[in-house]
Amino acid sequence: MPRPQNLGLASDYIPAADWLKVIDVVNRLNMAFDYWDVEAILEAMTEDCSVEHPHGLVRGRDELRAFLDAYRPLTDGVRRSHLNHVVDANDDGTLTVTSQIILLRVAAAGEGHAMGWRDIAARNDGLPAVFVHSLVTDRLRNDPEFGWRICARIVDDVTTNNALSPRARSDSAHARHDA
């Protein structure tokens, strides 16, 4: 698991505007996932980005787009909360944001899009519930034309509540149907 460079006092050599901007990019990326805005997801990433994820390794936006198409069913009905952002400067001018992400299942897979963003959604099925917790390490590069973008993302140290995965829910639904 990648570890932040300095868990003590915050680095004083990262300009505050850059520190805030890279955290904002990470948070906007998560919101783009929540709304499943693939173009916004890709815009947050550099052309030559790499993503190391438990579901695969991808390089570049074309591979990332294909990965997202396959990954989408797992994320239907899921919202993200990102916590504990630690920002470190790297010798090559990039910044690294190490943080924790909690994926909350707020609707069963297949219901998320139909549910939309309601003011209140009352449920009696145990949702919302924590679906996944991960450590995320994002390396961001400042492009003179586009600003800060993620050039590398590592998702690891993943803990999943398998009872909330779409497969587990559909398997139990089939078992009830077959019984």
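In the predicted model, helix 3 contributes 6 residues to the lining of the largest pocket, the most of any contributor. The space in the largest pocket amounts to about 550 Å³. Its lining consists of 29 residues, and those nearest the centre of the pocket are His53, His55, Tyr71, Leu74 and Leu103. Besides helix 3, at least two lining residues each come from helix 1 (16–34), strand 1 (45–53), strand 4 (95–105), strand 5 (129–143), strand 6 (147–160) and helix 5 (166–178). By residue class, the lining of the largest pocket holds 19 nonpolar, 7 polar and 3 charged residues.

The second largest pocket has a volume of about 250 Å³. It is lined by 13 residues, among which Val25, Arg28, Ala40, Glu43 and Ala44 are the closest to the centre. Helix 1 gives the most to this second lining, with 7 residues. Helix 2 (38–43) and strand 6, like helix 1, each supply at least two residues. The lining of the second largest pocket is made up of 8 nonpolar and 5 charged residues, with no polar ones. Helix 1 and strand 6 are also among the elements that each supply at least two residues to the lining of the largest pocket.

Aromatic contacts were examined next. The number of aromatic pairs in the model is 2. In one pair, formed by Phe67 and Tyr71, the ring centres are 5.5 Å apart and the planes meet at 15°; since planes under 30 degrees apart count as stacked, this pair is stacked. Phe67 and Tyr71 both belong to helix 3 (residues 60–75), where they are 4 residues apart, so about one helical turn separates them. Both residues of the pair are buried. Tyr71 is also one of the residues that lie nearest the centre of the largest pocket.

Two further contacts place a charged group over an aromatic ring. The charged end of Arg105 sits over the ring of Phe131, at 4.7 Å from the ring centre. Arg105 falls within strand 4 (95–105) and Phe131 within strand 5 (129–143). In the other contact, the ring of Phe146 has the charged end of Arg149 over it, 4.1 Å from the ring centre. Arg149 falls within strand 6 (147–160).

How values were computed: Residues numbered from 1 in each chain as written. Predicted model: local features only at pLDDT ≥ 70, side-chain atom pairs only at ≥ 80, totals over all residues. Heavy atoms only, no water. Phe/Tyr/Trp six-rings, centres within 6.5 Å; stacked < 30°, edge-to-face > 60°. Buried < 20%, exposed > 50% of the residue type's maximum accessible area, 1.4 Å probe, protein only. Lys NZ or Arg CZ within 6 Å of the ring centre and 35° of its normal. 1 Å grid on protein atoms, 1.4 Å probe; cavity = no way out; pocket = protein on both sides within 12 Å on 5 of 7 lines; lining within 4 Å. Points joined across faces, edges and corners; volume = space filled by probe spheres on them. Nonpolar A, V, L, I, M, F, W, Y, C, P; charged D, E, K, R; others polar.
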